[in-house]
Every structure is written in C-alpha cells, then in structure tokens.
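Student: I should like to learn how strands and their pairings are read in a structure. May we work through one example together?

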Amino acid sequence: SLSFNRGQAVLPVLLHILKGAGLMALAKGFSTIEAAAEAAVRPIVEDHGFSLWDVWFAKEGAKWYLRIFIDKPHGVSIDDCESIDGEINSIIDEQYFIDKIDYLEIGSAGLERSVRRLAQLEQSIGKKVRVKTYKLCDGAPSKDFKCVLSGYDGEKITLTGDFGEISLPAADISAMNYDDFDDHELIEDGE
C-alpha cells in the first residue's frame, strides 16, 4: 500500500497485500469515519476504473490507520495505487476526521482479501474462503476451516466443503478471507 505520515512531503511507496493479516469480525456497517471516507473516495476510485473493496479505520499500537482497499479484474499494482494517491490524499485532507488519522494507506484488496462487510458476501459467492467462527458450530469441522461460500440469504451464510453444506448466522463468523489462488492469472503467469 501507499503509506504516508500526515504532513510528509515525500511518500514512501510500498505494495502491501494483506496475506491473512488483519482478520476482522464480519461487520454490518461502517464506523462513522469509515463511512465518511468511503463516500469521499469512492468517486475517485471508480473514476480511475477501480472498484472500492473496503475502507478500514483501525488503531495499531499508538497510531491510527485509514486503509483504502481497491480492486480491478487483473489485480492492482503499485502504479495503480500511485495513480490515485494525490486525489485521495487531497479529499481526505478536507474531511472532518483528518486530525484522527496518522497514516493513510492505499492498496490492493489482495488475493486473501477479508470479507468483513455483509455487502461483500454477495460479491464473494462461489469463492473459496477460509472461515473462522467464535465457537464450534454444528456441522463445521472446526472453528477455522476452508470451504466455498455458497450463498447468503440476508441472515445466514451457506458454506460448502468436505464436511457437506452448513448454514451459519453471520454473527457466528469472526473472520472470512478469500482462499483461492487457482483462479488468478497473475499467480499462474508467475508475475
């Protein structure tokens, strides 16, 4: 991701794909800051031909991070992140919450992207996922397992795997991440 310390003139450029890190509970909505940031950056992201996967506002240690996760069909590059950095930086600087942010990161949603919003579930149906639950659920092989996200009916999430098919309330799932490297051309092409 592209990362900078507020007020810094030179921006260090890092491509950061979350690989299993930052597993978070499935959240029904955005925090107030995430919602405001999402509304501010979505037009910029979409005008540049990307989709906005997620916006995170999280504290790590003593610092607060605002993370913008973007996507496009064949993956996101460092150049893609740099191409929207200036516009996103400018619009975030105008927001009421700017004094709460220590670092802004713009990066790829990643191959192991987190599915933490109910709205992301519909986009993820048919994907291989790794699921973590708060407790051992009936029919699940463990509290941490791999499967296919088969469906979502607004209340329950249907998962299919070697264990068969189970339907779990969204509230029982503590984390869900993509676990599908087979379908990505970038990996197959060795890039």
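Tutor: The turns that follow take up strand pairing, a crossover and one residue of interest. Please keep in mind that this is a predicted model.

Student: What is the general idea of strand pairing, and which way do strand 2 and strand 3 run?

Tutor: In general, the strands of a sheet pair through backbone hydrogen bonds, and the pairing is either parallel or antiparallel. Here, strand 2 (residues 51–60) and strand 3 (residues 63–71) run antiparallel and are joined by nine bridges. Within this pair, Val55 has Ile68 of strand 3 as its bridge partner.

Student: How many residues lie between strand 2 and strand 3 in their hairpin?

Tutor: Two residues lie between them, and Gly61 in the turn has a positive phi of about 65°.

Student: Is strand 3 mostly covered or mostly uncovered?

Tutor: Strand 3 is mostly covered, since seven of its nine residues are buried.

Student: Which way does strand 3 run relative to strand 4, parallel or antiparallel?

Tutor: Strand 3 and strand 4 (residues 103–108) run parallel, with six bridges joining them. Tyr65 stands opposite Tyr103 of strand 4 in this pairing. To pass from strand 3 to strand 4, the chain goes through helix 2 (residues 78–93), and this β-α-β crossover is right-handed.

Student: Let us turn to a single residue. Where is Asp54 placed, and is Asp54 buried or exposed?

Tutor: Asp54 belongs to strand 2. A residue counts as buried when its relative accessible area is under 20%. Because the value for Asp54 is 2%, this residue is buried.

Student: With which side chains does the side chain of Asp54 make polar contacts?

Tutor: One such contact is with the side chain of Trp56, at 2.7 Å. Another is with the side chain of Arg116, at 2.8 Å.

Student: How should the order of strands in a sheet be read, and what is the order in the open sheet of five strands?

Tutor: The order lists the strands as neighbours across the sheet. In this open sheet the order is 8-7-6-5-9, and the pairing is antiparallel. Strand 8 (164–169) and strand 9 (173–178) are the edge strands, each pairing on one side only. From one strand to the next, the twist averages 40°.

Student: How many bridges join strand 5 to strand 9?

Tutor: Five bridges join strand 9 to strand 5 (residues 128–133), and the two run antiparallel. As an example of residues facing each other, Thr133 stands opposite Ile173 in strand 9.

Technical notes:
Residues numbered from 1 in each chain as written. Predicted model: local features only at pLDDT ≥ 70, side-chain atom pairs only at ≥ 80, totals over all residues. Heavy atoms only, no water. Pairing = 2+ DSSP bridges. Helix = DSSP H or I, 4+ residues; strand = E, 2+ residues; numbered from the N terminus. Axes fitted to C-alpha atoms, helices over the stretch in contact; angles between N-to-C directions. Buried < 20%, exposed > 50% of the residue type's maximum accessible area, 1.4 Å probe, protein only. Polar contact = N/O pair within 3.5 Å; in protein donor to acceptor, adjacent residues only side chain to side chain. Right-handed = clockwise from strand over helix to strand, strands pointing away.
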